Amino acid sequence: RAGRIIFLEDLINETAKFALQTIEEKNPDLEGKENIAEIVALGAIKYNDLSRDRTKNIIFDWKEALSFEGDTGPYLQYTVVRANSVLQKTKKKPSLKNTNQLREKNEIGIIKTLSQFPDVVGSSLNEYKPHHIANYLNRLASEFNEYYHTTKIIGSQQEIQRLSLVFSVATVIKTGLALLGIDVPEKM
């Protein structure tokens, strides 16, 4: 309304600078920080836009969009990186056999949320509203991160089944982000 025009290239460059600063604060020894910062920046911009109903106004705030907490692209990207890190820390392979041994309330909740993915994608497609996918991914990531902080995965009696749950969450979030045109870096 004020007549100010912000070019996309400038938005991407500035967002990448903010992302690089955040990465340097959180993980200064990370290799390929500039490339990762660009992936995170593009993810933040795309997610900020696509996570809102297209009929509403969109406001972009660098600090909010680049936060590694809450409803943001970097939060979802980091969740996938975290889940993959868990999978890499063990020599055991996830197996979908005997997943009925997952009986904790939070595990059942995650399984139910995972099962909703095809329906969410379908409704998002039918209604031309990608924010349905974004909101779903945020909900799944929140459930997983709570699970990650409260449940022993590696070394537990249900380790293989829990690894399957971790693998499934990582796969669904990464797939959902790909549907939104958002890449996930290997490390963050």
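A polar contact is a pair of N or O atoms within 3.5 Å, where, within protein, one atom must be able to donate a hydrogen and the other to accept it, and where residues adjacent in sequence count only if both atoms are side-chain atoms. The structure studied here is a predicted model, in which local features need pLDDT of at least 70 and side-chain atom pairs count only at pLDDT 80 or more, while totals for chains, interfaces and linings use all residues. Residues are numbered from 1 along each chain as its sequence is written, and side-chain values use heavy atoms, with hydrogens and water left out.

**Exercise 1. Describe the place of Ser124 and say which backbone oxygen its side chain reaches.**

Solution. Begin with the location: Ser124 is found in helix α6, where a helix is a DSSP run (H or I) of at least four residues, numbered from the N terminus. Next, consider accessibility: Ser124 has a relative accessible area of 6% and is therefore buried, since buried means under 20%, exposed over 50% and partly exposed in between, with a 1.4 Å probe and protein chains only. Then look for the partner: the side chain of Ser124 lies 2.7 Å from the backbone oxygen of Lys129. Finally, list the contacts (heavy atoms within 4.5 Å): beyond the neighbours within four places in sequence, Ser124 touches Lys129, Pro130, His132 and Ile133.

**Exercise 2. Decide whether Tyr128 is buried or exposed, and find where it sits.**

Solution. First, place the residue: Tyr128 belongs to the loop between α6 (117-127) and α7 (131-150). Second, apply the accessibility rule: Tyr128 has a relative accessibility of 63%, so it counts as exposed. Third, check the backbone: although Tyr128 is not a glycine, its phi is positive, at about 55°.

**Exercise 3. Check the length of α4 against its residue count, and describe its start and its covering.**

Solution. The expected span of a helix is 1.5 Å times one less than its number of residues. The 16 residues of α4 should therefore span 22 Å, and the end C-alpha atoms are 23 Å apart, which agrees. At the N-terminal end, Thr72 acts as a cap, with a side-chain oxygen 3.1 Å from the backbone nitrogen of Tyr75. As for covering, 12 of the 16 residues of α4 are buried, among them Tyr75, Arg82 and Leu87.

**Exercise 4. Describe how α4 packs against α8.**

Solution. Two packed helices are described by the angle between their axes and the distance between the axes. Axes are lines fitted to C-alpha atoms, for helices over the stretch in contact, and angles run from 0 to 180 degrees between N-to-C directions. For α4 (residues 73-88) and α8 (residues 159-179), the axes come within 9 Å and cross at roughly 150°. On the α4 side the contact includes Leu76, Val80 and Ala83, which face a group in α8 including Phe167, Ala170 and Ile173. The residues of this contact comprise 11 nonpolar, 3 polar and 1 charged, where Ala, Val, Leu, Ile, Met, Phe, Trp, Tyr, Cys and Pro count as nonpolar, Asp, Glu, Lys and Arg as charged, and the others, Gly among them, as polar.

**Exercise 5. Which residues does Leu179 contact, leaving aside its neighbours within four places in sequence?**

Solution. Leu179 is found in helix α8, and, once those sequence neighbours are set aside, it is in contact with Phe117, Val121 and Ile133. Lys105, by comparison, lies 74 residues from Leu179 in sequence and 29 Å away in space, C-alpha to C-alpha.

Notes:
Helix = DSSP H or I, 4+ residues; strand = E, 2+ residues; numbered from the N terminus.
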